[in-house]
Amino acid sequence: MQVTVSFLGPLRDRVGEKSLLVELPAAATYRDLLDSIGPTMQARLPDWAWDSGRRSFSARMMVSRNLAADLRDETTCLAEGDEILVVLPLAGG
Amino acid sequence: MGKLLRVDLTSRTLRDEPLDPETARALVGGAGYAARIINDEVPGDADPLGPKNKLLFMTGPLTATSFPTTARYEVCTKSPLTNMWLDASSSGWWARDFKMAGYDGLIVEGVADAPVYLWIKDGKAEIRDASRLWGMDSDETQAAIRAELGDEKIKVSCIGPAGEKLVPLGCVMNDEQRAAGRGGAGAVMGSKKLKAVAVRGTMKVPVADETKLREVAKGLREGITHHPVVSQFTPYGTAFLLEDGWVSGDIPNKNWGKGVWRKGCELLNGRVMAETILVPHAACQGCFIRCARWIKINEGRFAMEGPGPEYETLAAFGTMLMNDDLAAVCWANDLANRYGIDTISTGSVIAFAMEAYEKGVIGREEAGCDLTWGNVDAIIEMIDQIGNARGLGALLGKGVKRAAAELGRGTEAYAVHVKGMEVPYHDPRAYFSQATSYATGPRGACHMHGASFVLEQGAPRPDTGIPSEVDRFSNEGKGILAKLAQDKASVVGSMVMCMIASDGMIYAGMADALEAVTGEPWTSERVAQTGERITNLQRVFSLKCGITGADDTLPKRLLEGPDEGTHAGKIPDLSVLLPDYYRERGWDENGRPTPKKLEELGLTDIAGEF
């Protein structure tokens, strides 16, 4: 199945792309997704965005699956066509 | 120690008076120092638009020094919108010239018998006739005064037609459409028939330790340059927030009735602005962040060149009204600034009117236009009506609280304000500490007086002692966040520096800057306590004006869960949040500072005044 990982704001500039289309096996979990994109994230994101120890987005990032509440549980099963939104919560203005 | 200029417009007398050293030590300057004067000199029952109210223009100790991001001034008074404490801050270049003309602050009292303006140059001040300026918009006023006095370098703080017509949304404007926007200070200025304060200053401002001040400034610059959030302000301005703020639910849409509007945010954000209409231009005086926008729209009905909208205005005339036309928002921003009306409150009252129109409470004839969501012609028409206090706009210009009270028919349910101040565009249902900050804000719902939601976003805060990971939807432990954010904002408003820059600065840095400029010993603890002292002093004035703990609440709309988004269904619980906040503050269960707290803060003299 395919899921889209969308990067907004400063993360888009760091990753260099607005989104990544990721191919995953059926019934893949959020952990599987993190493992799949991990090397790319490790290479492109700074420490404040990617936690290399946990091989996950840092606790400071807000991750949402299809605009549902904040995604933290790595056993969450993903589905075909999911959009995973990754943002650095920002303030200002 | 500096001095203040006191002007009595009734008797047309001017006099200099020295700053009080004890007040300056306790409250620094800006809105802190002004809180003392207003507490001492303005009766709680004074009519905000009457002769007993006073209007203060205040700088801070860092103004006009080499320290960056300090180009601001505070306008302080009793608000005609909320009937309580008001400080409104603006940036640009005016403050530097005012300070270099020899003054730290200006106290305006009384009422002139005809339109006047003040002209201050290098220690000399005079009252001049402003009859021919009356009726001009804020841009025209500035140009006319420069031409009259024959000096293009003169800086002007003024009102537009809205302030003259005593519109409670009227603000004070200066330089390139910078605004002391919130709460109706422009109407107070208009009530005194004071059209403008023109300044030109060339005198040097004393600094105790210039070398140290430059070192602190260097640290601030380095910290901000590498700050992942604050560094976004340079390329994209405050409007960067629209690009991804909708994911957290921070951005309100359709009069706070729609949880997410991705399409609107994708068309209105700072990146889009930078890629399409942004052109290089000067920043505020002495600022390296350069968040101010300058835009050029080459074609179409909204072709224009001038100052561009920042985040709050894009939300006000964009997402709140379901308008995704960036050029139309720019046009609306320019129009509101020329009339001199607060864009935040103006967007809010138009959103309120659009909802009332949708529900059939307001008809087309009454509105004078088709007030449907996203109708840019209607938005522009309503700004014109509000700015000129005509038609339905005369009612809306009083703010949503009074508009709903006069309209009735259930409109109170979607009049979104706290104590009469329209809520700025950070949704408290996305970060629950913000519910507390809005409900208890010193000037009503205000993000500039306590953006506590920042403390819920996971950034390290080494000076606060709070954990970096906070559950944004929890009602527990949020009182301390609101208190910290409000007190820090109070210090920022007394130093009179930029709120954005302060986000990259911890208390120790603020203490170093104050120590360098004043020569007095400052510590992080003293900075924190000064902020708390100022917040309490402003609260006491509002209590004297009749505010009670019952007014510390949120409007009905914000106590309903959003329909969609990561914050769908989330509702802050004020029955938990407020008692926690009062405990952290050392206030009683009715939101009143206890005698013990006032004694701790050195404010025992006002303990019996409310």
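**A sheet and a helix pair in chain B**

Let me begin with one pair of residues: Val116(B) has Leu194(B) as its bridge partner in S12(B). Please keep in mind, as we go on, that this is a predicted model. That pair belongs to a longer run, since strand S7 (residues 116-121) of chain B and strand S12 (residues 194-200) of chain B are joined by 6 bridges and pair in the parallel sense.

As background for those new to the topic, strands of a sheet pair through backbone hydrogen bonds, and they do so either parallel or antiparallel. Here, S7 and S12 are part of an open sheet of 6 strands in chain B, which run in the order S8-S7-S12-S9-S10-S11 with mixed pairing. At the edges stand strand S8 (124-129) and strand S11 (178-180) of chain B, and each has a single partner strand, so one side of each is left without a neighbour in the sheet. From one strand to the next, the twist averages 20°. Packed on this sheet is helix H4 (residues 138-149) of chain B, which touches S7, S9, S10 and S12 and whose direction makes about 135° with that of S9(B).

Now let us turn to two helices, also in chain B. Helix H14 (residues 343-358) and helix H16 (residues 376-387) have axes that come within 11 Å and cross at roughly 115°, and the crossing is right-handed. On the H14(B) side the contact is made by Thr346(B), Ile350(B) and Ala353(B), while H16(B) contributes Ile379(B), Met382(B), Ile383(B) and Ile386(B). Sorted by class, this contact holds 6 nonpolar residues and 1 polar residue, with no charged residues.

Methods:
Residues numbered from 1 in each chain as written. Chains lettered and ligands numbered in written order. Predicted model: local features only at pLDDT ≥ 70, side-chain atom pairs only at ≥ 80, totals over all residues. Axes fitted to C-alpha atoms, helices over the stretch in contact; angles between N-to-C directions. Helix = DSSP H or I, 4+ residues; strand = E, 2+ residues; numbered from the N terminus. Left-handed = near helix turned anticlockwise from the far one by under 90°. Contact = placed C-beta atoms within 7 Å. Nonpolar A, V, L, I, M, F, W, Y, C, P; charged D, E, K, R; others polar. Pairing = 2+ DSSP bridges.
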